[in-house]
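Hi everyone, thanks for coming. Let me put the structure up on the screen, and then we'll walk through it together.

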Amino acid sequence: MSSSTMRAVGVSEYGPIDNLYSKEVPKPPKPTGRQMLVQVKAISVNPIDIKVRGGVYDDPTDYYERVKPLTQEAPNFHIIGYDGAGVILETGPDVKYFKTGDEIFYLANPSGQASYAQEVIVDERHAGHKPKSLDFVQAAAMPLTYGTAYESLVDRLGIKEGEKAGVLIINGGGGMGSIASQIARHVLKLPIVITTASRPETAEFSKQMGATHVVNHRQDIVQQIKDLKLPEDVPLRYAYLTSRTEQYLKPAAEVLAPFGKMCSIVQAHFDMYGSEMMSKSLDFVWCWVATGVYHKYYNDRPEKHHEWYEDLARRMDAGEIKCHLKTRLRLTAEGIREAHRKIEEGKMVGKIGLGVDEPGEGDAFA
């Protein structure tokens, strides 16, 4: 391998897990503006990676049009992966928060070459200094879920710290639900945080992450929440759907208090007709963590994610927020394929991370 190339993992054709492979590709170009060139030490795999690799990612309608040049032009290879952590090798001329040698965690460009590579270009507005108390694999597990959950609960739902209200979080044992539970309980300090989980281990994990109550989403959610006999002076004002919007919208609407709000991060075909959305005057909002960058920050606050990641690092070092990483693998092509398999099985607890220094066979990214 020459000094101008690197190893990366991605796809030349979207489809099944076996389409993921390692390839020698050109290194990223010199960083410009607020870009940084980062040596990748660890990544985390998320459901979005599985959808992108499979050719079915549909949050933005024009996604595959935007990324078409990655597979249609040399090197005809889409490097997937958004969560990451590493060391800054070089900074663009307008970078103001970081310097060469800084250890960071970040969210890579959703429509560019991303984190399954030895080096990646990162915009400083989507990065924070790595928490000192975390190793690289732990740090890599945090950006996508924390950024999405914080934006969902604070920006989109508008929950205020110390508000006397409750929130229902669908799938509390997953990566998104487990970090959202912590934000709701330990950052926003809500008195009631109800999550859903279907297995003893996920229910217990959800409680460890901040849930005050856990109900089984394979049973009648509405009746279970009624049976909790929640205090009347603490309305269940918010619902956060991190799984199957089409399945959970109507039961969430049934248990929410009038004038409540619901946020989903999962694209779906669904119908509000026949639900209590209208009679209760409920608000419904979407949250996609990449909206700002995808739409060139129009009507957005460009620095917000950097601010949130810096605050997250402080909170993690102070012990206020726990890392939700539960599975570690070596960062190789086979390790990434294994991570995709585990997520597709649908039984993951917390997050899965991969690092270049994790034990196992094979060279990193090979």
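Which strands does α5 lie across? The answer is β12, β13 and β14, and α5 runs at about 145° to β12. Before I go on, please keep in mind that this is a predicted model.

Let's stay with that helix for a while. α5 covers residues 143–156. Eleven of its 14 residues are buried, so α5 is largely enclosed by the rest of the structure. If you want to find the buried ones on the screen, they are Pro143, Leu144, Thr145, Tyr146, Gly147, Thr148, Ala149, Tyr150, Glu151, Ser152 and Leu153. And just after the helix ends, Gly158 has a positive phi of about 75°.

Now, the helices that pack on it. One is α6, residues 175–187: the axes of α5 and α6 are 9 Å apart, and the angle is about 50°. That angle makes α5 oblique to α6. As for handedness, the crossing of these two is right-handed. On the α5 side, the contact uses Leu144, Thr145, Tyr146, Thr148, Ala149, Tyr150 and Leu153. Facing them from α6 are Gly175, Met176, Ile179, Ala180, Ile183, Ala184 and Val187. Sort the residues of the α5 and α6 contact by class and you get eleven nonpolar, three polar and no charged.

Here's a handy thing to remember when you look at lists like that. An α-helix has 3.6 residues a turn, so residues three or four places apart point the same way. Try it on the α6 list, which includes Met176, Ile179 and Ile183.

The other helix I want to show you is α11, residues 304–317, which packs against α5 with the axes 10 Å apart and an angle of about 110°. α5 and α11 are therefore roughly perpendicular to each other. From α5 we have Pro143, Leu144, Tyr146, Gly147, Tyr150, Glu151 and Asp155 in this contact, and from α11 we have Lys304, His305, Trp308, Tyr309, Asp311, Leu312 and Arg315. What's the mix of classes in the contact of α5 with α11? Seven nonpolar, two polar and five charged.

OK, on to the strands. The strands under α5 that I mentioned at the start, β12, β13 and β14, belong to an open sheet of six, in the order β11-β10-β9-β12-β13-β14, and the pairing is parallel. β11 (213–215) and β14 (283–286) are the edge strands, and each pairs on one side only. On average, neighbouring strands in this sheet are turned by 20° against each other, ignoring direction. Let's zoom in on one pair: β13, residues 261–264, runs parallel to β14, and four bridges join them. For example, Cys263 has Val285 in β14 as its bridge partner. In case the idea of pairing is new to you, strands of a sheet pair through backbone hydrogen bonds, either parallel or antiparallel.

And for the antiparallel kind, look at the open sheet of three strands, in the order β2-β1-β4. β2 (21–26) and β4 (78–79) are at the edges with a single partner strand each, so one side of each has no neighbour in the sheet. β1, residues 5–11, pairs with β2 over six bridges. One of the partners here is Pro26 in β2, which bridges to Thr5.

One more helix pair, quickly. α1 (residues 47–54) and α12 (residues 333–345) cross at roughly 105°, and their axes come within 10 Å. That makes α1 roughly perpendicular to α12. Pro47, Asp49, Ile50 and Arg53 of α1 meet His340, Ile343 and Glu344 of α12. By class, that contact has three nonpolar, one polar and three charged residues.

Last stop: some backbone oddities. Most residues other than glycine have a negative phi, and most peptide bonds are trans. So where's the cis bond? Going from Ala74 to Pro75, with omega near 10°. Pro75 sits in the loop between α3 (68–72) and β4.

Then there's Asn171, not a glycine, yet with a positive phi of about 70°. You'll find Asn171 in the loop between β9 (166–169) and α6, and it is partly exposed, at 28% relative accessible area. Phe259 isn't a glycine either, and its phi is positive too, about 65°. Phe259 is in the loop between α9 (245–255) and β13. Is Phe259 buried or exposed? At 64% relative accessibility, it counts as exposed.

That's my tour, thanks for listening!

Note on methods: Residues are numbered from 1 along each chain as its sequence is written. This is a predicted model: local features need pLDDT of at least 70, side-chain atom pairs count only at pLDDT 80 or more; totals for chains, interfaces and linings use all residues. Side-chain values use heavy atoms; hydrogens and water are left out. Axes are lines fitted to C-alpha atoms, for helices over the stretch in contact, and angles run from 0 to 180 degrees between N-to-C directions. Angles under 35 degrees count as roughly parallel, over 145 as roughly antiparallel, 65 to 115 as roughly perpendicular and the rest as oblique. A crossing is left-handed if the near helix is turned anticlockwise from the far one by less than a right angle, and right-handed if clockwise. Contact means heavy atoms within 4.5 Å. Ala, Val, Leu, Ile, Met, Phe, Trp, Tyr, Cys and Pro count as nonpolar, Asp, Glu, Lys and Arg as charged, and the others, Gly among them, as polar. Two strands pair if DSSP finds at least two bridges between them. Buried means under 20% relative accessible area, exposed over 50%, partly exposed in between (1.4 Å probe, protein chains only).
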